Amino acid sequence: MRPLLIASVLILAGCATAKADPNPAPLKLVDRLDLPAFMGDWHVLGNMPTATEEGCHNALEQYALQDDGTIAITFSCNKDSFDGKRDVKHFTATVENPGLNTEWRVKMKFLGFIPIKLPFLVIDL
């Protein structure tokens, strides 16, 4: 048990002292996104899950262009198993670079009540 504990401490210490690149290269966005063609259902095949996506199976993102130019986003998944209860979340996005349509801000609630806007960048199609 003691060697395992020592190894764990050393690994964690290495992670804590690792330095990230202070000047990472900016993400390259696609040249342009055909917004109406992008709308619809998108099955999530792989991701780096956020806290709310942990344990999600059969994830689906649905995008719908609204009359006011915003984008209604519905994220749904089965929680904890493929047969789990379906969890559904709703968000709204605004396009930050109209015409190119490759950078959005998604409005959501942090901790269930604090409104925040997160970037949504289209880097590949």
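Modeller: A pocket here is an open set of points on a 1 Å grid over the protein atoms alone, where a 1.4 Å probe fits, with protein on both sides within 12 Å along at least five of seven lines, and its lining residues have an atom within 4 Å of a point. This is a predicted model, in which local features need pLDDT of at least 70 and side-chain atom pairs pLDDT 80 or more, while totals for chains, interfaces and linings use all residues. Residues are numbered from 1 along each chain, and side-chain values use heavy atoms, without hydrogens and water.

Colleague: Ok, how many residues line the largest pocket, and which lie nearest its centre?

Modeller: The lining has 33 residues, with Thr50, Glu53, Glu61, Tyr63 and Phe120 nearest the centre. Its largest share, five residues, comes from β6, strands being DSSP runs of E of at least two residues, numbered from the N terminus.

Colleague: And where's Glu53?

Modeller: Glu53 sits in the loop between β1 and β2. Beyond neighbours within four places in sequence, Glu53 is in contact (heavy atoms within 4.5 Å) with Asn47, Met48 and Phe75.

Colleague: Is Glu53 buried or exposed?

Modeller: Glu53 is buried (under 20% relative accessible area, 1.4 Å probe, protein chains only; exposed is over 50%, partly exposed in between). It has no salt bridge (a side-chain nitrogen of Lys or Arg within 4 Å of a carboxyl oxygen of Asp or Glu), and the nearest side chain of opposite charge, Lys79, is 9.0 Å away.

Colleague: How many salt bridges are there, then?

Modeller: The count is three, among them Lys89 with Asp87, whose closest N and O atoms are 2.6 Å apart. Lys89 is partly exposed at 23%, as is Asp87 at 21%.

Technical notes
Helix = DSSP H or I, 4+ residues; strand = E, 2+ residues; numbered from the N terminus. Lys, Arg positive; Asp, Glu negative; His and termini not counted.
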